[in-house]
Amino acid sequence: MKIWQSAGFGSIVYMAAIAGIHPEIYESASMDGASRWQKIRFITLPPLKPTVILLTILSVGHIFNGDFGMIFAIVGRNPALYPTTDVIDTFVFRGLMDLGDMGMSSAVALLQSVLGFLLVVTVNSIAKKTAPDSAIF
């Protein structure tokens, strides 16, 4: 569901990056005898590298986030479905609403946020080593 949901935004971002490439470059490559695959490989893909790296860094931070709204709308408060459909967000919600355990819910949510932050910092440092201009910080 998430891939299908984000496909529209991703296609708009990538199309905008491709639109920033000057058409004259493609024309000169055609005059030099470049095939379609050579144009893609040597003209289209290199300018897309910073966009791919940036979107990867931004999406890695959401790895631990489940879509609470979608899962809770489907599962609701049905305990029979918890073992197969439970994500961190619904676990935190149940811990707060059903058990009333504010400390446990806060600790789990904090751990989720810290792990997401650590992943972003790790992927950003990898991006900085591979492409220094593409890293966020």
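Contact, in these exercises, means heavy atoms within 4.5 Å. The model is predicted, so local features need pLDDT of at least 70 and side-chain atom pairs count only at pLDDT 80 or more, while totals for chains, interfaces and linings use all residues. Residues are numbered from 1 along each chain as its sequence is written, and side-chain values use heavy atoms, with hydrogens and water left out.

**Exercise 1. The chain as a whole**

Describe the secondary structure and the overall spread of the protein chain.

Solution. Begin with the elements: the protein chain has seven helices and zero strands, where helices (H or I, at least four residues) and strands (E, at least two) are DSSP runs numbered from the N terminus. Next, take the extent: the C-alpha atoms fill a box of roughly 70 × 30 × 20 Å along the principal axes. The radius of gyration is 21 Å, well over the 14 Å that the globule rule gives for 137 residues, so the chain is more spread out than a compact globule; the radius is taken over C-alpha atoms, and the rule is 2.2 Å times the number of residues to the power 0.38. Finally, of the contacts between residues at least 6 apart in sequence, 49% join residues at least 24 apart.

**Exercise 2. Two helices that cross**

Work out how α2 and α3 cross and which residues make the contact.

Solution. The axes of α2 (residues 23-31) and α3 come within 11 Å and cross at roughly 150°; axes are lines fitted to C-alpha atoms, for helices over the stretch in contact, and angles run from 0 to 180 degrees between N-to-C directions. From α2 the contact takes Ile25, Tyr26, Ala29 and Ser30, and from α3 it takes Lys39, Ile43 and Thr44. One of these residues, Thr44, counts as buried because its relative accessibility is 11%, buried meaning under 20% relative accessible area with a 1.4 Å probe and protein chains only. Leaving out residues up to four places away in sequence, Thr44 touches Ile18, Ile21, Tyr26 and Lys39.

**Exercise 3. The nonpolar core**

Find the residues of the largest nonpolar core and the helices that supply them.

Solution. A nonpolar core is a set of buried Ala, Val, Leu, Ile, Met, Phe, Trp, Tyr and Cys residues joined through side-chain atoms within 4.5 Å. The largest has five residues, namely Ile53, Ile57, Val120, Ala127 and Ala131. Helices α3 (36-60) and α7 (102-130) each supply at least two residues of this core. Apart from neighbours within four places in sequence, Ile53 is in contact with Ala127, Ala131 and Ser134.

Key. Buried < 20%, exposed > 50% of the residue type's maximum accessible area, 1.4 Å probe, protein only.
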